[in-house]
Amino acid sequence: MSSSEQADGRYDLIVIGGGSGGLAGAFRAAEYGARVALLEPGALGGTCVNVGCVPKKAMWLAADIAAKLRMAQGLGFGLQADPQRPCALDWPTFIVHRQRYIANIHDSYRRRLDASGIAVLPMRARLVDANTVECDNGARLSATRLLLATGGRPLRPDIPGAALGAVSDDFFQWCAAPARVAIVGAGYIAVELAGVLQALGSQVELFARGARLLDGFDAELTAQLAEDYRQNGVRLHFGHAVAALEGEPGRVRLRGADGSLSEPFDQVVFATGRRPNTAGLGLERAGVALDARGHIAIDELNATSVAGIDAVGDVTADPQLTPVAIAAARRLMDRVFGGRDGRLSREDIPSVVFSHPPIGKVGLSEDEARERYGDHRHGDNLHIYRAGFRPMLYALAESPQRSLFKLICVGQERRVVGIHLLGEGADEILQGFAVALKRGITLDDLRDTVAIHPTSAEEVVLMR
């Protein structure tokens, strides 16, 4: 049955949510011959394709080009540019390219859905029971399995004047870099937006409630990232809780919990977390339990509290990473419709933040390793190795930006349990080393590997 044909209401699988996890589950189930319906009222691809990973990476690439063009001028390249706005980006032109790329992804999804015989219904749905959903138009569909993959949305804090601030979704509607931007938060969205906007011409100030960037990443690397951001002109305010926004659109001030009042900003962006899309799903009617933070509670196999109903992606408490949602959905369908015994390992999941420069990790941080394996000052169980350097391009351009790579090893065999990379190319370098870590690589294995010179990646196999 093609996605354009009329549904008859009976399926093997109904998927609620057409983001990365929902689509992956639908496609994999269809490969096994399951009859699948997918309900999605918005654009296919969910957050990642439309207001997340894909447009974010496009803007990161634009910012990276802008930074390299500025370095190129200093290295002797004769570039024709407005002397008042060197290497300025024409946002509308770039957005046309960005949205064309996204439109091609949408088209690819639609072709695959048609080819797979998946019925796509562009509407919302709510649970009636463990096997039945009711659509916005009143139609009821039934299936032996239901998959909930409705994702999440940005959280706007409950403070006075919050409506004066934007959230990350709003950023993708902008057609120019505001002159002055305040970003509230210190997580991956805050850090990524700060780097992009600063590189594209904004003066960015970041206001963090805590004492550091990126909780969950190695503290030593995030300290170096903070220094790199300062060198690039980003102003960082740590220990600064925002209590209210004041002013008017285009001239917004941040009122601190200590009573302080900032200078006015053209835009303020809240990057203070996300919340799961569970409202209106009828979870309580079907008996689907939530955890303490409002996510759909799941076990290690992505099963909810109701037999036959599963959940994947940001609507659960799993790591908010697109590849995690995709992997969980595929393994789930392999078990349910393929008879295969597979499950998603939530250990040693690699992750990258597209900061400037990128920062990535897989495995344990130094603090986590000390807690699990003990302090090397009281034995030889824990071994930490570091390489701090300037990549060649930045050294040539006399840029102060520095990279920091770090290995966490344990035991007499020095098994690698953590790899942490901050620097140019870290996002691409980490993937292969993540495979090695999963396979139990040791420090000697790295040192036995001949380095590729001159690269940043060689620092991983040359650490002493």
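Is glutamate 366 buried or exposed, and what is its relative accessible area? In this predicted model, glutamate 366 is buried, with a relative accessible area of 11%. The sections below begin with the protein as a whole and then return to this residue and its partners.

**Overall form**

The secondary structure of the protein consists of 14 helices and 21 strands. Its radius of gyration is 24 Å, close to the 23 Å that the globule rule gives for 464 residues, so the protein is as compact as a globular protein of that length. Measured out along the principal axes, the C-alpha trace spans about 65 × 60 × 45 Å. Of the 464 residues, 51% count as buried, and the surface that the protein exposes comes to about 21,300 Å², with carbon and sulfur atoms supplying 50% of it. Among the contacts with a separation of 6 or more, 62% are between residues that lie 24 or more positions apart.

**Salt bridges**

The count of salt bridges in the model comes to 24, and three of them are set out here with the distance between the nitrogen and oxygen atoms.

| Basic residue | Acidic residue | N to O distance |
|---|---|---|
| Arginine 140 | Glutamate 134 | 3.4 Å |
| Arginine 340 | Aspartate 334 | 3.8 Å |
| Arginine 386 | Glutamate 366 | 3.4 Å |

In the pair formed by arginine 386 and glutamate 366, the closest N and O atoms are 3.4 Å apart. Arginine 386 belongs to strand E19 (residues 382-389) and glutamate 366 to helix H10 (residues 366-373), so the salt bridge ties together parts that are 20 residues apart in sequence. Arginine 386 counts as partly exposed, because its relative accessibility is 38%, whereas glutamate 366 is buried at 11%. Through salt bridges that share partners, both residues belong to one network, which joins Asp218, Glu220, Glu366, Arg370, Arg386 and Lys406.

In the pair of arginine 140 and glutamate 134, the arginine is partly exposed at 48% relative accessibility, while glutamate 134 is buried, its relative accessible area being 18%. Aspartate 334, whose side chain meets that of arginine 340 in a salt bridge, is also buried, with a relative accessible area of 8%.

**Cysteines**

A disulfide is a covalent bond between the sulfur atoms of two cysteines. The count of disulfides in this model is zero. Cysteine 48 is buried, with a relative accessible area of 12%, and cysteine 53 counts as partly exposed, at 32% relative accessibility.

**A buried serine and an exposed aspartate**

Where does serine 351 lie, and which residues outside its sequence neighbourhood does it contact? Serine 351 is placed in strand E17 (residues 351-353), and it is buried, with a relative accessible area of 13%. When its neighbours within four places in sequence are left aside, serine 351 is in contact with Phe217, Leu321, Ile359, Gly360, Lys361 and Leu430.

Aspartate 215, by contrast, counts as exposed, because its relative accessibility is 67% and exposed means over 50%. Aspartate 215 sits in the loop between strand E10 (203-207) and helix H7 (219-231). Between the C-alpha atoms of aspartate 215 and alanine 67 the separation is 26 Å, and the two residues are 148 residues apart along the chain.

Methods: Residues are numbered from 1 along each chain as its sequence is written. This is a predicted model: local features need pLDDT of at least 70, side-chain atom pairs count only at pLDDT 80 or more; totals for chains, interfaces and linings use all residues. Side-chain values use heavy atoms; hydrogens and water are left out. Helices (H or I, at least four residues) and strands (E, at least two) are DSSP runs, numbered from the N terminus. Buried means under 20% relative accessible area, exposed over 50%, partly exposed in between (1.4 Å probe, protein chains only). A salt bridge is a side-chain nitrogen of Lys or Arg within 4 Å of a carboxyl oxygen of Asp or Glu. A disulfide is a pair of cysteine sulfur atoms within 2.5 Å. The radius of gyration is taken over C-alpha atoms; the globule rule is 2.2 Å times the number of residues to the power 0.38. Contact means heavy atoms within 4.5 Å. Accessible areas come from the Shrake-Rupley method with a 1.4 Å probe; for residues, only the protein chains shown count as cover.
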